[in-house]
Amino acid sequence: MTRKQRRLSLIGIAGVVVACAVGLILYALTDQIVFFQSPTDIAEHPVPPQQRIRLGGLVKEGTVVRGQGTTVTFTVTDTANDVPVTFTGILPDLFREGQGVVVEGMLAAGGTFAADTVLAKHDENYMPKEVADSLKKQGVWRDTETN
Amino acid sequence: MIAELGHYALVLAFALSLIQSVLPIWGSQRGDPRLMAVASPAAAAQFLFVGLAFAALTQAFVQSDFSLELVWANSHSTQPLIYKFTSVWGNHEGSMLLWALILAFFGALVAAFGHNMPATLKANVLAVQGWIAAAFLLFILTTSNPFARIFPAPMEGQDLNPILQDIGLAVHPPLLYLGYVGFSIAFAFAAASLIEGRIDAAWARWVRPWVLIAWIFLTLGIAMGSYWAYYELGWGGWWFWDPVENASFMPWLTGSALLHSAIVMEKRDALKVWTILLAILTFSLSLLGTFLVRSGVLTSVHSFASDPTRGVFILLILATFIGGAFALFAWRAPSLRRGGLFAPISREGALVFNNLFLTAACAAVLIGTLYPLALEATTGEKISVGAPFFNMTFGPLILPALIVMPFGPFLAWKRGDILAVAQRLAVVLGLVILTALITAWAMDGGPLLAILGIALAAWMMIGAIADIASRIKLFRVPAGNSLRRAVGLPRSAWGTAFAHFGVGVTVLGIVTTSAWQLENIRVMKEGETATIGGYEATFLGSEGRAGPNYREIAARFRIARDGRELGVMTPSKRVYTARGMPTSEAAIRSIGFSQIYLAIGDEMNAGGVAVRLYWKPLVLLVWLGCVVMAFGGLLSLSDRRLRVGAPTRARRTVAAAE
């Protein structure tokens with residue numbers, strides 16, 4: 001191969017790899033991302049079942065019910081709308097009534113949200129950013145909540 | 001008083017960094033050796049003064065001086081001494097001071113050990129280092145002063161975030177920062193060579209030890225962070241593709257690429273412009289990581305406080321250094337003398353292959369990390385890009401590099417013979433197939449993907465052993481001769497083999513835990529027994545205990561196998577009294593390289609407690625592999641070539657330049 005051919009073949013191979021990478025990333029971005037929604041978003045624009053979403057809001061006071069085994073039900077609210085949630089597993093340490101929470105999963109029939117992940121907060125002052133933003137939008141944000 | 005002295009020392013360090021930024025580079029442009037000679041003492045003095053500031057802050061924490069706002073907000077008088085000490089960097093201001101300290105430390109190291117470099121290169125490297133130090137010291141002094149007082153001084157502090165009250169905080173941040181910040185030296189070398197407009201193979205040899213040091217620490221820092229998350233967060237996961245993890249992983253990927261491209265540059269005088277670019281990219285990604293973690297754009301255990309001015313300031317630093325470096329690159333790179341080209345099938349070809357896929361994989365991680373931020377900033381839409389995205393993109397992009405890895409060391413420089421290498425690796429391939437078949441048999445077929453994963457890990461591990469075996473002509477010459485050859489083998493060859501073996505070990509751990517992990521979540525009452533992975537865990541009961549600054553409920557489980565008792569595990573739930581914050585402490589028992597992992601949840605209404613039991617087969621290999629990789633890096637660093645070779649090259653280059 002001449003010098004020029006070598007250089008071109010090298011650039012060609014690099015181009016193919018980059019194209020593959022771009023293709024993979026674009027495909028994954030259309031397919032593998034999860035949208036964040038508040039209870040109000042879900043009430044206004046119902047999401048199709050079987051689509052994974054993240055639901056964020058406050059755990060409504062007095063709604064946490066520990067059922068059979070390790071299944072827990074509670075209600076996530078942004079004060080305007082509520083979504084009932086079921087979750088099987090161990091709740092994170094800082095899961096508390098009246099506190100912010102983000103759950104990930106799918107809407108099941110009957111409007112119940114089947115969560116497979118409940119996201120932990122890392123300290124007691126911390127409110128998941130998505131939750132804080134969506135509560136601000138609802139006008140129920142109190143700054144004192146986060147110190 | 002000591003705190004004020006610390007603050008003053010920090011101001012002095014900033015002034016010194018300004019001097020270090022200007023005089024040496026001015027000297028190198030004018031050819032004035034006196035001005036250039038300012039660099040080394042300035043770097044040493046800067047280290048001294050940042051060190052004094054750090055010592056002053058440490059003293060305040062250890063003495064629980066709550067008149068300092070930082071100490072009040074992040075410490076408590078009942079904290080054990082070790083956590084008072086680590087609280088120094090368990091917060092935003094202190095961690096930035098640690099960043100600056102390590103930066104100054106590396107600057108001082110270059111000043112101390114760079115005596116065999118050309119004077120102009122050294123002056124320029126230290127000047128660039130001075131710019132970075134000046135930017136970060138100004139950041140600390142203006143937006144994150146760790147020495148701010150409060151009046152009146154409170155009687156008691158607010159305690160360190162309980163999740164951080166762990167030995168991991170003593171190890172993970174310093175290691176990670178030594179890695180992150182260590183790449184600033186590679187960046188400074190790249191910028192200096194661009195300023196001079198001259199670059200040669202000797203440059204690669206000077207910069208290589210620094211890249212190796214940074215890479216070793218970053219490897220260990222990431223592994224340690226992963227293990228910490230694994231045992232502290234109580235979910236039994238060791239990698240979450242969390243943006244903060246990605247922030248540390250990206251410089252590791254490009255840093256690994258840089259390690260390999262620097263070899264090509266050193267040996268073959270090729271890939272020069274690319275190596276410079278990688279050095280800039282790697283440190284840019286380190287800065288990006290600092291920005292993501294410290295600016296408050298992401299919320300995680302790593303973001304301590306979000307003050308918008310800080311985010312803007314770090315963004316400015318980021319834009320200045322990355323933008324400036326790329327502008328310099330665009331301006332100067334075309335004038336650099338290009339190196340030779342080479343055949344695709346050769347050692348250097350394999351290294352280019354490695355670089356291509358490592359950087360492509362890094363790009364995938366970068367896009368997955370930044371896309372949600374960009375989307376939210378532009379459209380307000382909130383999304384999360386989680387593990388499925390990264391598994392789908394990162395996996396296929398890193399796979400080719402892993403498969404080709406064992407070929408690399410077998411290929412000759414310039415022109416390799418792929419058939420001859422394939423012949424040599426045929427034995428390895430045979431062993432790999434045997435391993436895969438045995439695994440499939442032992443695991444009753446198992447998931448096909450997992451068997452292939454085991455085969456891949458075996459391919460890399462046996463390939464690394466075969467590399468050494470072929471170099472010492474094992475079984476082809478008498479054993480004594482082989483042994484002598486092994487002793488005489490360059491350390492860098494051993495380093496390569498160990499590092500590549502380590503990658504295989506990590507992959508093995510990842511495959512086995514992902515494919516054959518067992519999970520059992522259930523509510524247990526006293527006396528009940530749960531089984532996991534052939535082990536029986538019997539809940540003996542729980543008891544309240546008091547620690548120095550927490551109360552806990554510890555549940556006792558007797559672990560047995562086939563009726564034979566192995567011991568008692570006590571996972572617990574703690575409440576840290578100062579903050580009233582609960583945490584879970586998982587109990588972990590290692591059996592060989594595998595682990596039983598127990599965590600408890602809330603008490604249930606009907607009595608009994610929610611228990612999470614995991615069986616994690618070979619999980620320790622995930623981190624042990626990283627330790628083996630780092631050990632390989634250490635061997636490479638101790639190679640004679642790096643200690644002895646450089647001075648001769650240096651003299652020749654200086655002579656040539658004159």
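Start by selecting chain B, where you'll find 21 helices and 11 strands. Chain B has a radius of gyration of 27 Å, close to the 26 Å that the globule rule gives for 658 residues, so this chain is as compact as a globular protein of that length. Keep in mind as you look around that this is a predicted model.

Now turn chain B about. Its C-alpha trace spans about 85 × 75 × 55 Å along the principal axes. Try colouring by burial: 53% of the 658 residues of chain B count as buried. If you draw the contacts in chain B with a separation of 6 or more, 74% of them come from residues 24 or more positions apart.

Next, select residues 89–295 of chain B. What does the record say about this stretch? The UniProt annotation, from an unreviewed entry, reads "domain: Cytochrome c assembly protein" and covers residues 89–295 of chain B. Show that span as a cartoon and you'll see 76% helix and 0% strand. Click on its two end C-alpha atoms, too: they lie 16 Å apart.

Time to bring in the other chain. Which residues meet where chains A and B touch? The contact takes 33 residues from chain A and 40 residues from chain B. On the chain B side, these elements give two or more residues each: helices H13 (347–379) and H14 (387–404), plus strands E1 (383–385), E2 (518–524), E8 (581–585), E10 (594–603) and E11 (609–616). Pick out H13(B) if you want the element that gives the most, with seven residues. Colour this side of chain B by class and you'll count 24 nonpolar, 11 polar and five charged residues.

Stay at the contact and zoom in on two strands. Strand E1 (residues 33–37) of chain A pairs with E1(B) in the antiparallel sense, over three bridges. For one spot to click on, choose Val34(A), whose bridge partner in E1(B) is Ser384(B).

Finish by colouring chain A by pLDDT. The average for chain A is 79, and 80% of the residues score at least 70. Where in chain A is confidence lowest, and where is it highest? Helix H3 (residues 129–138) of chain A is the low end at a mean of 67, while strand E5 (residues 82–88) of chain A is the high end at 91. One last stop is residues 143–147 of chain A, where the pLDDT is below 50. Beyond near neighbours in sequence, this stretch has four contacts in the model.

Note on methods:
Residues are numbered from 1 along each chain as its sequence is written. Chains are lettered from A and ligands numbered from 1 in the order in which they are written. This is a predicted model: local features need pLDDT of at least 70, side-chain atom pairs count only at pLDDT 80 or more; totals for chains, interfaces and linings use all residues. pLDDT is the predictor's confidence in each residue, from 0 to 100. Helices (H or I, at least four residues) and strands (E, at least two) are DSSP runs, numbered from the N terminus. Two residues are in contact if their C-beta atoms, placed from the backbone, lie within 7 Å. The radius of gyration is taken over C-alpha atoms; the globule rule is 2.2 Å times the number of residues to the power 0.38. A residue is buried if 20 or more other C-beta atoms lie within 10 Å of its own, exposed if 12 or fewer, and partly exposed in between; C-beta atoms are placed from the backbone. Ala, Val, Leu, Ile, Met, Phe, Trp, Tyr, Cys and Pro count as nonpolar, Asp, Glu, Lys and Arg as charged, and the others, Gly among them, as polar. Two strands pair if DSSP finds at least two bridges between them. UniProt positions are given in the numbering used here, feature names are shortened, and annotations may be inferred rather than shown by experiment.
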